[in-house]
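Here is a short set of exercises to work through at your own pace. Try each task with the model open in front of you, then compare your steps with the solution.

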Amino acid sequence: MGEEILPEVLEFEWDEGNRTKSWIKHRVSAKEQEQAFLARGKFVLEDKKHSEKEKRLLLYSKTKKGRKLIVAFTVRIVDERDKIRPISARPMNRKEALIYEEKIKMA
């Protein structure tokens, strides 16, 4: 899994179903997902398993509340600008949180 780079200017494009899906399943709000993209300690990997129709990425980050999240998303060009389209978000499991902590220490 190679590490990916986020666009410098972060703009979001929300699909209404995806805006509420993560709240219903995991109590992760759209606002908290956006915060995860703005956090300092984060990294992005390609989600090759789910990248059949379009390239999907996974953001590993920590929010202002201290929650460690994984946000699945795509980057779309809208009006000639890159926009992040979140697909889903959930808290990291224990193993993912350990990987996240190790990666952030090394950065």
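Helices (H or I, at least four residues) and strands (E, at least two) are DSSP runs, numbered from the N terminus. The model is predicted, so local features need pLDDT of at least 70 and side-chain atom pairs count only at pLDDT 80 or more, while totals for chains, interfaces and linings use all residues. Residues are numbered from 1 along each chain as its sequence is written, and side-chain values use heavy atoms, with hydrogens and water left out.

**Exercise 1. Place Glu96 in the fold and describe its surroundings.**

Step 1: Find the element. Glu96 belongs to helix H3, which covers residues 94–106.

Step 2: Check the exposure. Buried means under 20% relative accessible area, exposed over 50%, and partly exposed in between (1.4 Å probe, protein chains only). Glu96 has a relative accessible area of 14%, so it is buried.

Step 3: List the neighbours. A contact means heavy atoms within 4.5 Å. Setting aside residues within four places in sequence, Glu96 touches Ile70, Arg90 and Pro91.

**Exercise 2. Describe the overall build of the chain.**

Step 1: Count the elements. There are three helices and five strands, and from the N terminus they run β-α-α-β-β-β-β-α.

Step 2: Judge the compactness. The radius of gyration (over C-alpha atoms) is 13 Å, close to the 13 Å from the globule rule for 107 residues, so the chain is as compact as a globular protein of that length. The globule rule is 2.2 Å times the number of residues to the power 0.38.

Step 3: Look at burial. Of the 107 residues in the chain, 39% are buried.

**Exercise 3. Trace the largest nonpolar core.**

Step 1: Fix the term. A nonpolar core is a set of buried Ala, Val, Leu, Ile, Met, Phe, Trp, Tyr and Cys residues joined through side-chain atoms within 4.5 Å.

Step 2: Identify members. The largest such core has 12 residues, including Leu6, Phe37, Val44 and Phe73.

Step 3: Assign them to elements. Helix H2 (30–38), strand S3 (57–62), strand S4 (68–78) and strand S5 (81–91) each give two or more residues to this core. S4 gives the most, with three residues.

Step 4: Look for a second core. Apart from the largest one lies another core of 10 residues, among them Ile70, Ala72, Ile87 and Ala97.

Step 5: Put this in context. In soluble globular proteins, nonpolar side chains tend to be buried together.

**Exercise 4. Work out how Ser61 is held within its surroundings.**

Step 1: Ser61 sits in strand S3, and it counts as buried because its relative accessibility is 0%.

Step 2: Beyond its neighbours within four places in sequence, Ser61 is in contact with residues including Ala36, Leu69, Met92 and Tyr100.

Step 3: Check for a polar partner. A polar atom of the Ser61 side chain lies 2.7 Å from the backbone oxygen of Ala36.

Step 4: Ala36 is also one of the buried residues of H2. The buried residues of H2 pack against helix H1 (16–26), strand S2 (42–46), S3, S4 and S5.

**Exercise 5. Describe the pairing of S4 and S5.**

Step 1: Two strands pair if DSSP finds at least two bridges between them. S4 and S5 run antiparallel and are joined by 10 bridges.

Step 2: Pick one bridge. Ala72 has Ser88 as its bridge partner in S5.

Step 3: Inspect the turn. The hairpin of S4 and S5 has two residues between the strands, and Asp79 takes a positive phi near 50° there.

Notes
A polar contact is a pair of N or O atoms within 3.5 Å; within protein, one must be able to donate a hydrogen and the other to accept it, and residues adjacent in sequence count only if both atoms are side-chain atoms.
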